[in-house]
Structure formats: C-alpha cells, structure tokens
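Reader: Please take a close look at the packing inside this chain. Start with the aromatic rings and work outwards from there.

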Amino acid sequence: MSQWLLESATAEFRRFANDWDRLNQTLYHAHPMFDSRFIGALLCHFGTPDTLMAVHRTHGGMLLLEATRSNTWASFLPAQLQAAPMMLPPQQYADLASLFRDLPGFPIQIDWLAQDPAYSPRPPATSMPEAYQQAALTMAISIDGDFERYWSQRPKKLRNNIKRYLKRIGETHQTPALQTFTATADMEEALNRYSDLESAGWKGQNGTAIERDNRQWHFYRDILQGFAKSSQARIYELQLDGRVVASRLAISGGGMLLMLKTTYDEAFRDLAVGRVLLYKLLEQEFSQRQMQRIEFYTNATPDQLEWATESRAIEHVTTYRSSLYANSIMLARRLRNIVRKLRGEPS
C-alpha cells in the first residue's frame, strides 16, 4: 500500500483545510501565508486540475506538488507565494523518499521550491541526496522595544534620508497621514485604490499590476476579505491632503504581520512616499505592540536591508531519487556549463 494519498488539490483542498490549519498551528505557529484561506485562494485562482495534494496516510503530513517536466515534480509555487509550505513534521522528513514510489510516472527529482529555513521541516542534516540553491534573501523586523530604539539602530544614511523626505513633503505644504483599514467592508474599495496606483505605474505597463477585476485582483480581494473577517487583514495608505500616494497590503497571524504587496504614485517619486509610508507604518506598529515581527518575503536589496533587524536565505532544495541519479544529473549539468562556456554562452 502506498504511503501517500494523492488528491487533486483544486478539488479536494477544502476537505483537508481544518487538518492543514492544525498542522500550520503546530508546526509554524499559524503562519499567515500558510493559512488555508491563503493557500485555498491560491489554488482556486492559480492552481490547475493537475496540482496534487499528497497526504501521508500515517502522520497526516501534507504537500502541494506539480509536475514541471518529464520525471520532475516541484512545489506548487505561483508568483503570489514567496515561500512554499511543507506541512510535515521535521522527524518525518525522511518520508519524502517514499514519494518517488507513489507519485505518477517515474520521478527522479523533486524540487522543494522557496523553502524558508525558519518555517520548513528540513533538518540540518539528511541522508537523502539533495542539492541547494539560494532563491532569495528575505528580511524581517522584530517588534522589540520602542520605535525610537529601533530607529536609532538604523544606519545614519537611512535616518537622514527619511528626515529629508519628511522635510521635503512639509515644504510642499501637504500633510502626510497614515490610514489603516481593517474592516471587511473596506477591503474592496481600498484594494481598488491600490490597484489604481499600481496600474498607472511601471507594473501596469509590464502587465504585472493588480488591475481591477483581473485574476490577481480577485485573489487579493478574496484573501483580504477572508482575513478581515477575523481582524487579520490590513491595508495601509499614505495620504497627502487626502490623496492616496502609497499603499501596502498585509495579513497577520501567530504574532506575524506579513507584507504582501506595496505600490506608490510615481508622480510623487521625488518625495519617496513608499518609504515614508513604511516609516509611518512601523512607527504605528511599534506603538500598538500587537505584532511580534514583520516579515517582508522579498528578495531584499541593500537599501531594503537597512530597515531589517534580521535576514535569511530562502532556498530551493532538490531531492533526488538516489545518489546515482543525483550524480548523473549534476555531471550532465557541469558538462552543459562547460560547453556553454566554450561557446561563449551564459551558463
């Protein structure tokens, strides 16, 4: 008998949602991005009938997988998901080896994409043949102490820049105000204001913006309204004399405030309104002390890291069917890189 029950995730995830959330609470302290409301909305809007949910028959661990090419499977990871959940107790990590027998076809590798070491079951050492690749450098801010102490520990360059931006806004005789929306009834209208800002900028030109009524808009509306019902959604806006010039979408859970998306009015680029919004937001969150940490889940730039109290690498982890396959694949990859180098092509 197979160790894993394989189900269509888009069709059956809702049936397992309560078990999923219990694992999320036990393993990851109710990580908001791993919440069944978030994952369920992702599957609804971005999953396919071929997206599989693997449920371990003994300990109940749950995984979401997709076939990516011949003999290869990978974590379900649409662009809106920055860290892929593995609802698996760390002591059961070795059970992943049995997936090679239970998944359709004859898989020789499984790519566990975007694994956050702080919220992943992967142990420090494993006997399974694996390879690792850094995917991103994410950042977080610990809400510890008061805002003045946090801000005094930021680089002088950052502090001086924010001071200069606030002075520049003052010279325009406009008053900056932070508005925070948390009610379910406010989510759609605030999301529309966010959408209007993003659609008017470079993301709109590239076709990647949250535009009113597109698939991304429906996804974010669903999760924001769903989380707002339990007071776990927030949309922050920076307004200058009542005009929205920057916005951030966020959800929370387990003491974590998770930043989802941010945008700003590019007509106000010289006033750095996106940075001023973050400054005002942090000032508020430190004073309210409702959260323990803020997670950004971005591939942080040096400028962004100036705001962080910590950072860590998000990794892609590849597990191979056996050492023989691992060695063969890595050898073939090295040979391809050698050939590309001889041809003058990028590796």
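Author: The account below goes from ring pairs to helix packing and then to single residues.

This is a predicted model, in which local features need pLDDT of at least 70, side-chain atom pairs count only at pLDDT 80 or more, and totals for chains, interfaces and linings use all residues. Residues are numbered from 1 along each chain as its sequence is written, and side-chain values use heavy atoms, with hydrogens and water left out.

Rings first. A pair of aromatic rings is described by the distance of the centres and the angle of the planes. Rings of Phe, Tyr and Trp (its six-membered ring) pair if their centres lie within 6.5 Å; planes under 30 degrees apart count as stacked, over 60 as edge-to-face, and the rest as tilted. This rule gives 14 aromatic pairs. Tyr28 and Phe34 have ring centres 5.6 Å apart and planes at 75°, so this pair is edge-to-face. Tyr28 and Phe34 are both buried (under 20% relative accessible area, with exposed over 50% and partly exposed in between, for a 1.4 Å probe and protein chains only).

Phe147 and Tyr279 also pair edge-to-face, with 5.4 Å from centre to centre and 75° between the planes. Their pair links distant parts of the chain. Phe147 belongs to helix 5 (residues 147-152) and Tyr279 to helix 10 (residues 273-288), 132 residues apart. Helices (H or I, at least four residues) and strands (E, at least two) are DSSP runs, numbered from the N terminus. Phe147 and Tyr279 are both buried. They sit in one aromatic cluster with Tyr150, Trp151, Phe286 and Trp307.

Charges meet rings too. A charge sits over a ring if NZ of Lys or CZ of Arg is within 6 Å of the ring centre and within 35 degrees of the ring normal. Arg37 lies over the face of Phe227, 4.1 Å from the ring centre. Arg321 lies over the face of Phe106, at 3.8 Å from the ring centre.

Next, helix 3 (residues 36-46). Of its 11 residues, 8 are buried, so helix 3 is largely enclosed by the rest of the structure. The buried ones are Ser36, Phe38, Ile39, Ala41, Leu42, Leu43, His45 and Phe46. Their cover includes helix 1 (9-12), helix 2, strand 3 (62-69), helix 9, strand 9 and strand 10 (256-264). Such cover is by contact, meaning heavy atoms within 4.5 Å.

Helix 2 (residues 17-28) holds Asp19. Asp19 is partly exposed, with a relative accessible area of 33%.

Helix 9 (residues 215-228) has another partner, helix 7 (residues 184-199). The two pack at about 150°, with their axes 9 Å apart. Axes are lines fitted to C-alpha atoms, for helices over the stretch in contact, and angles run from 0 to 180 degrees between N-to-C directions. Helix 7 passes helix 9 in a right-handed crossing. A crossing is left-handed if the near helix is turned anticlockwise from the far one by less than a right angle, and right-handed if clockwise.

On the helix 7 side stand Thr184, Met187, Glu188, Leu191, Asn192 and Ser195. They meet Trp217, Tyr220, Arg221, Leu224, Gln225 and Ala228 in helix 9. The residues of this contact divide into 6 nonpolar, 4 polar and 2 charged. Ala, Val, Leu, Ile, Met, Phe, Trp, Tyr, Cys and Pro count as nonpolar, Asp, Glu, Lys and Arg as charged, and the others, Gly among them, as polar.

Phe227 returns in the surroundings of Ser252. Ser252 is in strand 9 (residues 243-253). It is buried, at 6% relative accessible area. Leaving out residues up to four places away in sequence, Ser252 touches Pro32, Phe227, Ser231, Gln232, Leu257 and Met291.

Leu271 lies in the loop between strand 10 and helix 10. It is buried, with a relative accessible area of 9%. With residues up to four places away again not counted, Leu271 touches Tyr165, Arg168, Ile169, Thr172, Leu240 and Val276. Leu271 and Val245 are 26 residues apart along the chain, and their C-alpha atoms are separated by 10.0 Å.

Two backbone details close the tour. Ala114, not a glycine, has a positive phi of about 45°. It is in strand 5 (residues 109-115) and is buried, with a relative accessible area of 4%. Tyr297 is no glycine either, and has a positive phi of about 45°. Its place is the loop between strand 11 (293-295) and helix 11 (302-305). Tyr297 is buried, with a relative accessible area of 6%.
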